[in-house]
Amino acid sequence: MVNKDVPAKPLIIWLGTNTCAGDMLSLLNAKDPGYQELISSIAELRFDYLLGASEGSDAINVLDDLQKNHKAAYILVVEGSIPTRSNGLYSVIGYRNGKAWTALQAVRELGAEARYVVAAGTCAAFGGIYAAAPNPSKCVSLQAALDRKVINVPGCPINPEWMMGTLNHLIQYGEPALDDYSRPKLFYGETIHNLCQRRDYFDNSIFAAKPGEPWCMYKIGCKGPVTYADCPVRQWNGEHLSWPVKANTPCIGCASPEFPDGDVPFFEHLPDVKLPGIKVTANRVGLLTGVVTALGIGAHLLGSILTGRLRKH
């Protein structure tokens, strides 16, 4: 006999806070599995702030039901940063019992009862663009708003396979191995620089002088040496066709915790690394970039903790 109270498939809530909606739109470009397979065979997307048909109290009632009757049975995915100024009134999910239900309240209440909590995109993972200076709405990352572990899937926007893979791993195998920023090592375990198709140009000191040239873009601001993501090998556009450097523009580090404040100006050379004007070995370059990466991440982590944008678990 089928128990009608027990859902046949894992439940997912996809909540939008301060967001441009780019991460959900990116997920729609997933190919194998695609979005249709996700919602028809893998999981039940019980609430989606962007694609859901219900609105008003009908939509809020769905969230209430999940929170009260499906504790520890759903995955909460949050897209966007969380404004905290004026008790969170800069982002309102809807109205409940005649009062505004802020994103801050919603993520705390829904997050407390979720089996897993996932931050979709750099804004949710690290604060991102909405938390950039001067940050008028006092936005913070999802982790900074919650007193529990958050799995971060950063990117501006996310590569659809990063999110699809993370959700599938949670459903099929449980929590994936995470790095110190709570990112799945499956997708964020190596720097873009070390995976880049143009790495040989870097090793041989052949650099582009302006965007559009087919050489290494390190000297015109590429943040690949300090950005952890597998963009060069996974690529984008569903069919795995391209990524920024392949399209002749530098990586701007959109998956990094310091994005965007710590990555601007986008087209200026990374500081504190002196490269020889002649051919250098890969090991020598790897040592240099490794030191810079460690220093950059360490400095940012301290800054993030101090400013409250990120709370490390």
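**Cavities**

I began with the largest cavity and noted a volume of about 100 Å³. The model I am reading is predicted. I then asked how many cavities of 30 Å³ or more the structure holds. I found three.

I looked up what lines the largest cavity and got 13 residues. His193, Cys196, Cys216, Met217 and Cys222 are the ones that lie nearest its centre. Two helices, helix 9 (192–195) and helix 10 (199–203), each give at least two residues to this lining. I sorted the lining by class and wrote down nine nonpolar, two polar and two charged residues.

**Aromatic rings**

I searched the whole structure for aromatic pairs and found eight. I took Phe202 and Phe207 as one of them: the ring centres are 5.9 Å apart and the planes are at 85°, so I entered the pair as edge-to-face. I checked burial for Phe202 and Phe207, and both are buried.

I then turned to Phe259 and Phe266. Their ring centres are 6.0 Å apart, but the planes are at 15°, so this pair goes down as stacked. Is Phe259 buried or exposed? Phe259 has a relative accessible area of 4%, so I count it as buried. Phe266 has a relative accessible area of 27%, so I list it as partly exposed.

I also noted a cluster in which ring pairs link Trp162, Tyr188 and Trp236. For a charge over a ring, I recorded Arg96, which lies over the face of Trp101 at 4.0 Å from the ring centre.

**Cysteines**

I searched the whole structure for disulfides and found zero. I looked at Cys231 anyway: it is in no disulfide, and the nearest cysteine sulfur, in Cys254, is 6.5 Å away. Cys231 has 9% relative accessibility, so I count it as buried.

Which cysteine sulfur is closest to that of Cys254? I found it in Cys156, at 5.6 Å, which is too far for a bond. The cut-off I applied is a sulfur pair within 2.5 Å.

**Backbone**

I went through the backbone next, keeping in mind that most peptide bonds are trans and that most residues other than glycine have a negative phi.

I noted a cis peptide bond from Ala133 to Pro134, with omega near 10°. Pro134 is in the loop that runs between helix 5 (122–126) and strand 8 (139–140). I noted another cis peptide bond, between Val264 and Pro265, where omega is about -5°. I placed Pro265 in the loop between helix 11 (231–234) and helix 12 (282–307).

For phi, I wrote down Ser182, which is not a glycine yet has a positive value of about 65°. Where is Ser182 found? I located Ser182 in the loop between helix 7 (160–172) and helix 8 (185–188). The relative accessible area of Ser182 is 13%, so I marked it as buried.

I also entered Asn248, a residue other than glycine with a positive phi near 70°. Asn248 sits in the loop between helix 11 and helix 12. I read a relative accessible area of 26% for Asn248, so it is partly exposed.

Key:
Residues are numbered from 1 along each chain as its sequence is written. This is a predicted model: local features need pLDDT of at least 70, side-chain atom pairs count only at pLDDT 80 or more; totals for chains, interfaces and linings use all residues. Side-chain values use heavy atoms; hydrogens and water are left out. On a 1 Å grid over the protein atoms alone, a cavity is a set of points where a 1.4 Å probe fits but cannot get out, and a pocket is an open set with protein on both sides within 12 Å along at least five of seven lines; lining residues have an atom within 4 Å of a point. Grid points are joined across faces, edges and corners, and a volume is the space filled by probe spheres set on the points. Helices (H or I, at least four residues) and strands (E, at least two) are DSSP runs, numbered from the N terminus. Ala, Val, Leu, Ile, Met, Phe, Trp, Tyr, Cys and Pro count as nonpolar, Asp, Glu, Lys and Arg as charged, and the others, Gly among them, as polar. Rings of Phe, Tyr and Trp (its six-membered ring) pair if their centres lie within 6.5 Å; planes under 30 degrees apart count as stacked, over 60 as edge-to-face and the rest as tilted. Buried means under 20% relative accessible area, exposed over 50%, partly exposed in between (1.4 Å probe, protein chains only). A charge sits over a ring if NZ of Lys or CZ of Arg is within 6 Å of the ring centre and within 35 degrees of the ring normal.
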